[in-house]
Amino acid sequence: MTAFLDPLIGFVSAHAWLAYLTLFLAALLEAVPVVGSLVPGSTIILALSALIPGGELKLWPVLAAAAAGALLGDGTAYLIGHRSQREILSAWPLSNYPSVVAQSEAFFNRWGVLAVFFARFVPPIRAFVPITAGALGMPPTRFYAINIPAILLWAPAHVLPGVLAVTALHNYAGLPHHEHVGKHLWMFAVAGAAVIIWLAIWTIRRRNGGGLIEPARPAK
């Protein structure tokens with residue numbers, strides 16, 4: 001993996017637009033069923049985020065590229081499943097991965113709409129739950145209402161660890177880094193905490209019957 005990442009990082013660090021495109025494609029392909037289990041999207045995103053403290057890349061475009069790729073990947077997979085229904089789960093190439101498909105379906109049936117949120121952080125299920133949600137008849141409004149907040153939390157969760165690690169290294173070694181990065185970290189921490197609190201309240205209300213949203217049922 002290092003033999004692959006080192007030349008990639010060295011090349012894109014000199015071509016910022018290509019770095020953002022790489023981030024977009026990494027997040028997009030990671031969300032594609034089957035392909036997502038083969039592409040090291042999270043590793044690529046984490047590695048390229050390490051270029052932010054030195055100024056080679058900018059924080060906001062990195063987050064935007066990762067979030068846009070994930071949104072397009074998840075949304076496309078969901079729409080394919082929503083249009084094809086259950087037949088897509090037994091069609092090629094998903095038919096070559098019956099255990100992962102079964103695991104994804106069990107995960108969705110257990111957690112309902114929350115599976116869309118949790119799966120964004122759990123590879124390789126992340127690449128299979130959106131298409132499963134569509135295939136099992138989850139309405140688009142429900143899917144995107146959960147998927148978009150999940151992506152907005154997932155992107156900083158993948159980008160900021162690399163930023164923090166390299167920023168700490170720069171501080172320790174006395175190397176220059178951009179001060180604006182640190183100013184944004186507090187904002188992301190507050191936003192992430194708000195999303196987690198909202199999710200906890202929503203889950204409690206759901207379990208207590210308030211604002212209950214039933215899991216999608218397989219089409220007959």
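1. Let's start with the lining of the second largest pocket in this predicted model. Its residues divide into 13 nonpolar and two polar, with no charged residue among them. In total, 15 residues line this pocket, and Val32, Pro33, Ala77, Ile80 and Ile131 are the ones nearest its centre. The pocket's volume comes to about 190 Å³. If you would like a place to begin looking, try helix α4 (residues 59–84), which gives the most to this lining, with five residues.

2. Next, the enclosed space. The structure holds one cavity of 30 Å³ or more, and the largest cavity contains about 30 Å³ of space. You will find Asp74, Val116, Ala119, Arg120, Arg126, Pro130 and Asn147 lining the largest cavity. By class, that lining has three charged, three nonpolar and one polar residue.

3. Now for a pair of helices. Helix α2 (residues 16–30) packs with helix α3 (residues 41–49) at an angle of about 155°, and their axes are 8 Å apart. Angles over 145 degrees count as roughly antiparallel, and therefore α2 and α3 are roughly antiparallel to each other. The crossing in which α2 passes α3 is left-handed.

4. Which residues make the contact between these two helices? From α2 come Ala19, Thr22, Leu23, Ala26, Ala27 and Glu30, while α3 brings Gly41, Ser42, Ile44, Ile45 and Leu48. Sorted by class, the residues of the contact of α2 with α3 are seven nonpolar, three polar and one charged.

How values were computed: Residues numbered from 1 in each chain as written. Predicted model: local features only at pLDDT ≥ 70, side-chain atom pairs only at ≥ 80, totals over all residues. Heavy atoms only, no water. Axes fitted to C-alpha atoms, helices over the stretch in contact; angles between N-to-C directions. Helix = DSSP H or I, 4+ residues; strand = E, 2+ residues; numbered from the N terminus. Parallel < 35°, antiparallel > 145°, perpendicular 65-115°, else oblique. Left-handed = near helix turned anticlockwise from the far one by under 90°. Contact = heavy atoms within 4.5 Å. Nonpolar A, V, L, I, M, F, W, Y, C, P; charged D, E, K, R; others polar. 1 Å grid on protein atoms, 1.4 Å probe; cavity = no way out; pocket = protein on both sides within 12 Å on 5 of 7 lines; lining within 4 Å. Points joined across faces, edges and corners; volume = space filled by probe spheres on them.
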